[in-house]
Amino acid sequence: MSDSVAIDAKRILLRYGTPISVMDHIGEQDRIKFARIVSRTPVADRGERLLEILVEHGFIDPAVAAESVKKFRKAKRKARK
């Protein structure tokens, strides 16, 4: 893969909520795969979907992801007001 694809994948994952400490443990191929999945998800659901993917693949504890999802939902409500 091209370096620019890997860099863009990393940017997408960071933008939608992947913690930097977790990013260090995700391989380049997984980053690209996860970014492609997230980019096909509706914009409003991307943060939550990314956290689901990270939990499914064992990069984040489900309890930590649940706490992060609450933050995304609060931000959505504030944005609607």
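Helices here are DSSP runs of H or I with at least four residues, numbered from the N terminus. With that in hand, glycine 58 is a good place to start: this glycine follows helix 4, and its phi is positive, near 80 degrees. Please keep in mind that the model is predicted.

## The overall picture

The secondary structure of the chain comes to 5 helices and 0 strands. Read along the sequence, that gives the pattern α-α-α-α-α. Of the 81 residues in the chain, 30% count as buried. Among contacts between residues at least 6 apart in sequence, 45% join residues at least 24 apart.

## Helix 3 meets helix 4

Two packed helices are described by the angle between their axes and the distance between the axes. For helix 3 (residues 28–39) and helix 4, the axes come within 9 Å and cross at roughly 145 degrees. Helix 3 passes helix 4 in a right-handed crossing.

Which residues of the two helices meet? On the helix 3 side they are Phe34, Ile37, Val38 and Ser39, and on the helix 4 side Arg46, Arg49, Leu50, Ile53 and Leu54. The residues of this contact divide into 6 nonpolar, 1 polar and 2 charged.

Helix 4 itself spans residues 46–56, and its buried residues are Arg46, Gly47, Glu48, Leu50, Leu51, Ile53 and Leu54. In the loop between helix 3 and helix 4 you will find threonine 41. Leaving aside residues up to four places away in sequence, threonine 41 touches Arg46 and Arg49.

## The nonpolar core

In soluble globular proteins, nonpolar side chains tend to be buried together. The largest nonpolar core in this model has 14 residues, and those with the most contacts inside it are Phe34, Leu50, Leu54 and Ile60. Helix 2 (20–23), helix 3, helix 4 and helix 5 each supply at least two residues of this core. The largest share, 4 residues, comes from helix 4.

Leucine 54 shows how parts of the chain come together: leaving aside residues up to four places away in sequence, it touches Thr18, Ile26, Phe34, Phe59 and Ile60. Alanine 65 is found in helix 5. With the same neighbours in sequence left out, those up to four places away, alanine 65 touches Leu51, Val55 and Ile60. The C-alpha atoms of alanine 65 and leucine 50 are separated by 9.7 Å, and these two residues are 15 apart along the chain.

## An aromatic pair

A pair of aromatic rings is described by the distance of the centres and the angle of the planes. The count comes to 1 aromatic pair. Phenylalanine 34 and phenylalanine 59 form this edge-to-face pair, at 6.1 Å centre to centre and with 75 degrees between the planes. Phenylalanine 34 lies in helix 3 and phenylalanine 59 in the loop between helix 4 and helix 5 (62–80), so the pair ties together parts that are 25 residues apart in sequence.

Are these two phenylalanines buried or exposed? The table gives the answer for both, along with two residues from the sections above.

| Residue | Relative accessible area | Class |
|---|---|---|
| Phenylalanine 34 | 0% | buried |
| Phenylalanine 59 | 23% | partly exposed |
| Alanine 65 | 6% | buried |
| Threonine 41 | 12% | buried |

Phenylalanine 59 counts as partly exposed because buried means under 20% relative accessible area and exposed means over 50%, and its value is 23%.

Terms used: Residues are numbered from 1 along each chain as its sequence is written. This is a predicted model: local features need pLDDT of at least 70, side-chain atom pairs count only at pLDDT 80 or more; totals for chains, interfaces and linings use all residues. Side-chain values use heavy atoms; hydrogens and water are left out. Buried means under 20% relative accessible area, exposed over 50%, partly exposed in between (1.4 Å probe, protein chains only). Axes are lines fitted to C-alpha atoms, for helices over the stretch in contact, and angles run from 0 to 180 degrees between N-to-C directions. A crossing is left-handed if the near helix is turned anticlockwise from the far one by less than a right angle, and right-handed if clockwise. Contact means heavy atoms within 4.5 Å. Ala, Val, Leu, Ile, Met, Phe, Trp, Tyr, Cys and Pro count as nonpolar, Asp, Glu, Lys and Arg as charged, and the others, Gly among them, as polar. Rings of Phe, Tyr and Trp (its six-membered ring) pair if their centres lie within 6.5 Å; planes under 30 degrees apart count as stacked, over 60 as edge-to-face and the rest as tilted. A nonpolar core is a set of buried Ala, Val, Leu, Ile, Met, Phe, Trp, Tyr and Cys residues joined through side-chain atoms within 4.5 Å.
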